[in-house]
Amino acid sequence: MVDLTIIQNYYNSISSSPSSETAHYIPYLNAFLAILSVYLVYRIIFPPTSPNGQVLNAQQQAKQKPQPVVYTKFTPTTLQPFNGIVEERVLMAVKGKVYDVSAGRSFYGPGGPYSNFAGRDASRGLAKGSFDEEMLTPIDEPMDTLGDLNADEIQALNDWEQHFAGKYLLCGELVEHL
Amino acid sequence: MWNTPPLTISITGILFLIIAYRLVRQRYPDIHPFALYHQSSISPVRNSEESAVYRSTLTPFTYPLISGLNIREGHSFRDGDLRDIWNFAKKGKLGFVNKKGDAILYHDYETELTPLLHTVASRFNEYVPGIKKIGIYLPNSIENVITSFAAAHYSMETVLLPLVSDMGEISRYLEISQPELLIFEAGVLDFTKLSLPESIQCLVIVVPSIQDHLEWKDQLDEKVGSSISVRTWEDVVSSVSHPTTVVDVPEGALTGPAITVPYTATNGKVELATFSHRNTVSAVATQLRIVPKSESFKSTDIVIPLDSLQNMYIRIMFLSALTAGATVVFCGTTSEGFDVDDLQAINPTILVVSSKSLHHVLNYTPGPLTNLRLKRAQGILASGNLPWPVLRLFPKLRLIYTHDEQLPRQRETKSSRANDKTGSLTSAQLSLLRALLGARVVYALTNPRIAGPICQTHIYDYRNLGAVRVFGPVVPALEAVVKDTEHLKGGDRQGHLFVRGLPTADRGWITTNIVGEWGDDGCFRELY
């Protein structure tokens with residue numbers, strides 16, 4: 001205790017004006033700092049059992065995982081709305097398989113170079129390397145059997161199919177009737 | 001500044017010291033929380049009326065599911081079989097504590113066990129020429145291990161009869177499995193009540209001491225009549241021959257039946273689950289891969305399986321420990337509870353134990369000091385680290401494997417589940433076990449038709465999710481879906497659990513009759 005008084009006197013002597021106006025908050029400050037210290041020590045001994053921010057963050061992210069899409073059988077009529085305009089998703093049929101090409105929206109979506117194929121059976125167009133409207137089988141006509149393709153065109157179509165299978169999600173199949 | 005009172009300065013100093021200590025001693029969690037909330041690899045497409053397909057993150061889609069031990073042979077790898085497991089086991093030790101309080105008796109693989117194995121197989125072949133099926137009704141003894149591996153080496157099938165005391169039940173198991181030879185411990189089977197199937201041609205009796213083995217044999221001879229020959233284990237091993245060549249199992253035999261486990265389904269029907277070498281080995285390989293190398297079975301480990309080897313889960317864990325070259329010690333078959341004194345003498349690092357036994361640990365009564373330490377331990381667990389054990393039972397124990405076996409049953413209502421809570425452990429209870437024993441706990445969901453677990457909790461997952469039974473993601477040898485039930489929708493990730501993969505007793509998707517749901521974190525939770 002004696003030492004402390006000496007130090008206090010020393011401080012008092014070197015400070016020009018020991019302000020009595022500011023000193024009144026000192027006990028409160030001391031109490032606050034002491035409580036904070038005690039709390040921190042308590043938290044070292046007993047870490048909180050409630051999840052911390054990192055865990056809550058991870059929990060939140062887990063909730064936002066995309067929902068799996070249901071594998072669906074489409075007919076040409078039910079597939080048509082999936083062109084990126086009527087429905088948000090962009091789907092495309094190749095050789096009877098329906099791929100979700102939403103990831104390639106800039107190509108297959110509205111305004112893209114292949115937007116004709118969105119929501120349609122693109123097999124003939126891909127086989128012949130043409131992206132024109134006349135390559136598409138009209139919705140109300142029977143499905144394209146692709147019987148008249150030559151070997152090169154079949155090869156081209158198979159290459160395209162592989163490209164789609166590797167890049168996009170197979171999410172259904174195209175059938176004549178449900 | 002200079003007129004700040006010294007008391008304030010000292011408290012501030014202490015405060016800074018505390019903060020500095022916290023920063024220096026800060027421990028990162030054993031696993032990033034993100035990984036705990038993404039424990040499954042989920043297929044992006046699902047069929048209607050069922051959930052997406054769930055897989056382990058170790059074997060995501062486009063990767064093959066675990067099929068075997070990946071044993072290098074020249075430039076190729078093969079899955080391996082039970083004989084390979086025996087070869088791996090030679091790196092480790094196998095010990096038995098025969099009587100309470102005895103020292104561990106270690107058996108040497110090269111000079112003792114392997115010759116014994118070949119002798120046993122050739123003797124069995126003498127007793128029953130062309131023997132194909134051996135029934136085992138033994139506790140965790142050297143006879144059990146030797147007989148099952150002898151069968152594995154000589155393409156015989158072992159029937160693991162559950163150690164139940166109801167003779168009628170065993171009769172039914174024998175009837176459906178049709179073994180040609182039955183090996184059992186003296187005094188456990190009551191032959192006045194037991195009806196043996198016609199297939200049985202030989203009984204091998206394991207007597208407690210050599211002195212009275214003739215007595216046992218004579219007694220049994222009178223009871224079973226002359227059509228069945230009676231031998232004792234002493235007869236079998238009386239002159240150990242030393243054959244060096246192992247009969248080469250033809251390639252097709254690896255997919256043929258190797259281990260058969262009869263069980264009673266809830267509808268009272270007795271059924272058989274038959275596992276081939278391939279099924280078994282894929283389950284073993286899964287156990288060695290699913291846990292990080294630093295935590296898995298190692299040659300420095302002392303593993304104690306505390307439950308009966310007649311249970312397929314316990315046997316798979318035993319085989320996994322052998323494959324890793326760990327020291328395995330058996331100390332009697334205590335199916336419920338465990339003798340702490342006995343285990344302390346062995347000082348295990350890994351325990352394989354039934355969940356029923358762990359309930360005995362949970363029933364401790366905490367003192368005031370223990371309560372404070374428990375509170376600290378649970379806080380450390382919540383921050384993702386493993387605390388020191390609160391109960392210092394086993395100083396070296398680091399890992400506990402336990403499981404909840406679900407018999408195939410129709411469990412649609414909550415009330416029927418409430419009657420059968422004996423073995424299950426909730427997430428909160430698992431958390432308490434981690435705090436009490438200071439060891440990681442891996443809790444598995446099993447089913448008689450699947451070798452090894454279906455799902456098991458992540459080794460670093462210390463989350464306390466409350467009073468729910470959480471089993472973690474599906475193991476990397478299987479893939480799983482839940483399908484619609486009457487009240488639950490697979491689209492909501494709830495329903496009946498179906499699995500597919502190599503460790504299953506049947507091909508294709510098989511039903512487990514377990515009702516549950518997939519959580520956001522990719523873990524399977526049992527409902528009801």
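**Exercise 1.** Which residue is the bridge partner of G95(B) in β16(B)?

*Solution.* The structure is a predicted model.
Step 1. Strand β6 of chain B covers residues 94-96, and strand β16 of chain B covers residues 327-330.
Step 2. Three bridges join these two strands, which run parallel.
Step 3. Within β16(B), G95(B) has V329(B) as its bridge partner.

**Exercise 2.** Place β6 and β16 of chain B in their sheet, and identify the edge strands of that sheet.

*Solution.* Step 1. The sheet is open and consists of eight strands of chain B, in the order β7-β6-β16-β15-β17-β18-β19-β20.
Step 2. The pairing in this sheet is mixed.
Step 3. At the edges stand β7 (105-107) and β20 (455-456) of chain B, each of which pairs on one side only.
Step 4. Helix α10 of chain B, residues 312-323, lies across β15 (302-305), β16, β17 (350-354), β18 (399-405) and β19 (440-446) of chain B. The helix α10(B) runs at about 165° to β15(B).

**Exercise 3.** Describe the sheet of chain A that contains β2, β5, β4 and β3, strand pair by strand pair.

*Solution.* Step 1. Four strands form this open sheet of chain A in the order β2-β5-β4-β3, with mixed pairing. Its edge strands, β2 (72-74) and β3 (91-94) of chain A, each pair on one side only. On average, neighbouring strands of the sheet are turned by 40° against each other, direction ignored.
Step 2. Strand β2(A) is joined by three bridges to β5 of chain A (residues 169-174), and the two run parallel. Here T72(A) has G172(A) in β5(A) as its bridge partner.
Step 3. Between β4(A) and β5(A) there are four bridges, and these strands run antiparallel. The partner of V98(A) in β5(A) is G172(A).
Step 4. Four bridges also link β3(A) with β4 of chain A (residues 97-100), again in an antiparallel arrangement. In β4(A), L91(A) is partnered by D100(A).

**Exercise 4.** How is helix α3(B) oriented relative to α5(B), and which residues meet in their contact?

*Solution.* Step 1. Two packed helices are described by the angle between their axes and the distance between the axes.
Step 2. The axes of α3 (residues 82-89) and α5 (residues 142-153) of chain B come within 8 Å and cross at roughly 130°.
Step 3. This crossing makes α3(B) oblique to α5(B).
Step 4. From α3(B), L82(B), R83(B) and W86(B) meet F149(B), A152(B) and H153(B) of α5(B).
Step 5. The residues of this contact comprise four nonpolar, one polar and one charged.

Definitions and conventions: Residues are numbered from 1 along each chain as its sequence is written. Chains are lettered from A and ligands numbered from 1 in the order in which they are written. This is a predicted model: local features need pLDDT of at least 70, side-chain atom pairs count only at pLDDT 80 or more; totals for chains, interfaces and linings use all residues. Two strands pair if DSSP finds at least two bridges between them. Axes are lines fitted to C-alpha atoms, for helices over the stretch in contact, and angles run from 0 to 180 degrees between N-to-C directions. Two residues are in contact if their C-beta atoms, placed from the backbone, lie within 7 Å. Angles under 35 degrees count as roughly parallel, over 145 as roughly antiparallel, 65 to 115 as roughly perpendicular and the rest as oblique. Ala, Val, Leu, Ile, Met, Phe, Trp, Tyr, Cys and Pro count as nonpolar, Asp, Glu, Lys and Arg as charged, and the others, Gly among them, as polar.
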